[in-house]
Amino acid sequence: MKNHTETHTSHTRVPVSECSLAKAIRAVGDTWSLLILREVICGAERFDQIREDLGITRSVLSNRLARLVQEGILERYQYRDSGQRARKGYALTAKGHALFPVVIALREWGGEHLEPGNTPLRLQLQTRDGLRVETKLIREDGLEVTDMTDIIATVKE
């Protein structure tokens, strides 16, 4: 195991206002928003279906959905069941689909490090031909990063 000084050779301050991670957390970083994304990824696009699946209050769900739409992560559409009034549905935008690796990586991390083996993995992705999809860190030369202690943070100037 590397010691602390070997792992962190220098520190450059990055203002929160300029940090991409901080911006991403503001857009989707609360529990309900991430769970709503999980539901939509799993195919639940209707307000009542998401509310029932999550056990979330109408007001909280409405607020989180509005925020995800405002951020361009979800788009709102109208649907009407036979004999019913028009209702709202929600679908992932291209920006929302780009969050797949984030949501899947969090799910994988939680399954491995938080009560491993005891958490049902509801969200499993696969390609249309049935092959499982998982997240990996890939270097720019195409090789997989397997030792996370080999990663260091640098700041572009």
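A residue counts as buried when its relative accessible area is under 20%, as exposed when the value is over 50%, and as partly exposed in between. This classification is applied below to a predicted model, beginning with the chain as a whole and proceeding to individual residues.

Of the 157 residues of the protein, 23% fall into the buried class. The accessible surface amounts to about 11700 Å², and carbon and sulfur atoms contribute 52% of that area. The secondary structure consists of seven helices and two strands. Along the sequence, these elements are arranged in the pattern α-α-α-α-α-β-β-α-α. Among the contacts with a separation of 6 or more, 43% join residues that are 24 or more positions apart.

The loop between β2 (87-92) and α6 (94-97) contains T93. With a relative accessible area of 16%, T93 is buried, because this value lies under the 20% limit. Which residues does T93 touch, when those up to four places away in sequence are not counted? They are G72, I73, L74 and E75. With I73 there is also a specific polar approach: the side chain of T93 reaches the backbone oxygen of I73 at 3.1 Å. This distance lies within the 3.5 Å limit for a polar contact between N or O atoms.

Attention now turns to the aromatic residues. A pair of aromatic rings is described by the distance of the centres and the angle of the planes. The structure holds one aromatic pair, formed by Y77 and Y79. Their ring centres are 6.4 Å apart, and their planes enclose an angle of 55 degrees. The pair is classed as tilted because planes under 30 degrees apart would count as stacked and those over 60 as edge-to-face. The two partners also fall into separate accessibility classes: Y77, at 28%, is partly exposed, whereas Y79, at 13%, is buried. The 20% limit is therefore what places Y79 among buried residues.

The final feature is located on the surface. There, L137, M148 and I151 form a nonpolar patch, and their accessible area together is about 270 Å². I151 is situated in the segment after α7 (100-113). Is I151 partly exposed or buried? Its relative accessibility is 41%, so I151 counts as partly exposed. This value also satisfies the requirement of over 30% relative accessible area for residues in a patch.

Terms used: Residues are numbered from 1 along each chain as its sequence is written. This is a predicted model: local features need pLDDT of at least 70, side-chain atom pairs count only at pLDDT 80 or more; totals for chains, interfaces and linings use all residues. Side-chain values use heavy atoms; hydrogens and water are left out. Patches are made of residues with over 30% relative accessible area and no salt bridge: like charges are joined within 9 Å, nonpolar side chains (Val, Leu, Ile, Met, Phe, Trp, Tyr) within 5 Å. Accessible areas come from the Shrake-Rupley method with a 1.4 Å probe; for residues, only the protein chains shown count as cover. A salt bridge is a side-chain nitrogen of Lys or Arg within 4 Å of a carboxyl oxygen of Asp or Glu. Helices (H or I, at least four residues) and strands (E, at least two) are DSSP runs, numbered from the N terminus. Buried means under 20% relative accessible area, exposed over 50%, partly exposed in between (1.4 Å probe, protein chains only). Rings of Phe, Tyr and Trp (its six-membered ring) pair if their centres lie within 6.5 Å; planes under 30 degrees apart count as stacked, over 60 as edge-to-face and the rest as tilted. A polar contact is a pair of N or O atoms within 3.5 Å; within protein, one must be able to donate a hydrogen and the other to accept it, and residues adjacent in sequence count only if both atoms are side-chain atoms. Contact means heavy atoms within 4.5 Å.
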